[in-house]
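Trainee: Could we go through this model together? I'd like to hear what stands behind each label.
Mentor: Sure, let's put it up.

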Amino acid sequence: MVLSKLKNVAIGILLLTVIVFAGSDAQAQIVDVDIAGFAFSPTPLNIATGTTVRWTNQDGATHTSTSDSFIWDSGNLSTGQQFSYTFNVAGTYPYHCEIHPSMLATVIVTDPGPSVPSMSTYGFIILSILLVGTSVWFIYRRQRVASNIQNI
Ligand SMILES: [Cu+2]
């Protein structure tokens, strides 16, 4: 009886904790770079590791997004075409358009380090511990009262 109630409380707390942690987990991001007016915008672009950059050619002319060290190369992008690349390693990445050598830009990737749980997450954990504690105490007390009545 007591054990099954405790199990229900424990499962409930566990589920809530999982939901909160899943919700606070930083999602992979996509950042857009426009190719317009024979220029990349924005540049320099500052992003965190794991971010995907998506270039879209807004010009009538054909362009490319090509890393200066050929880490990536979009090939020819005609009007409206897109190209994406995910930056998993921190560093400075200069790039250019193969067709128009004057089109230069840079992506700067920094590693934000391991994500630290927010204060609200700590608050939730403390609240959970308090909730479990009081639940256990109430159930234990009720059990003692019940056994005392039986002993009379
Ligand atoms: Cu170009």
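Trainee: What share of the contacts in the chain with a separation of 6 or more comes from residues 24 or more positions apart?
Mentor: Those residues account for 53%. A contact here means two C-beta atoms, placed from the backbone, within 7 Å. Keep in mind that this is a predicted model, where local features need pLDDT of at least 70, side-chain atom pairs count only at pLDDT 80 or more, and totals for chains, interfaces and linings use all residues. Residues are numbered from 1 along each chain as its sequence is written.

Trainee: Which elements does the chain have, and in what order do they run?
Mentor: There are two helices and eight strands, running α-β-β-β-β-β-β-β-β-α from the N terminus. Helices (H or I, at least four residues) and strands (E, at least two) are DSSP runs, numbered from the N terminus.

Trainee: Why is Phe70 called exposed?
Mentor: Count the other C-beta atoms within 10 Å of its own: 20 or more makes a residue buried, 12 or fewer exposed, and anything in between partly exposed, with C-beta atoms placed from the backbone. Phe70 has 8, so it is exposed. Phe70 lies in the loop between E5 and E6 and has a positive phi of about 55° although it is not a glycine.

Trainee: And what makes Phe38 partly exposed?
Mentor: Phe38 has 13 other C-beta atoms within 10 Å, so it falls in between the two cut-offs. Phe38 sits in the loop between E1 and E2, and its phi is also positive, near 55°.

Trainee: Why is Asp34 partly exposed?
Mentor: Its count is 15, so it too lands in between. Asp34 belongs to strand E1 (residues 30-35). Leaving aside neighbours within four places in sequence, Asp34 contacts Ser41, Thr56 and Gln58. The C-alpha atoms of Asp34 and Trp55 are 5.8 Å apart, with their positions 21 residues apart along the chain.

Trainee: How do you know that E5 and E7 pair?
Mentor: Strands pair if DSSP finds at least two bridges between them. Two bridges join strand E5 (residues 66-67) to E7, so the pair qualifies, and the strands run antiparallel. Thr66 has His96 in E7 as its bridge partner.

Trainee: What makes E7 and E8 a pair?
Mentor: Six bridges join them, again antiparallel, so the cut-off is met. Tyr93 has Val107 in E8 as its bridge partner, and Thr92 stands opposite Ile108.

Trainee: Why are E3 and E5 called edge strands?
Mentor: The open sheet of four strands has the order E3-E8-E7-E5, with mixed pairing. Strand E3 (45-48) and E5 each pair on one side only.

Trainee: What makes a set of residues a nonpolar core?
Mentor: The members are buried Ala, Val, Leu, Ile, Met, Phe, Trp, Tyr and Cys residues joined through C-beta atoms within 7 Å. The largest one has 13 residues, and Phe40, Val53, Trp55, Tyr95 and Val107 touch the most other members. Strands E4 (51-57), E6 (82-87), E7 (91-96) and E8 (104-110) each supply at least two of its residues. Not counting residues up to four places away in sequence, Val107 touches Leu45, Ile47, Val53, Phe87, Tyr93 and Tyr95.

Trainee: Where are the cis peptide bonds that join Ser41 to Pro42 and Thr43 to Pro44?
Mentor: Pro42 is in the loop between strand E2 (40-41) and E3, and Pro44 is in the loop between E2 and E3. Omega is about 0° for the Ser41 and Pro42 bond and about -5° for Thr43 and Pro44.
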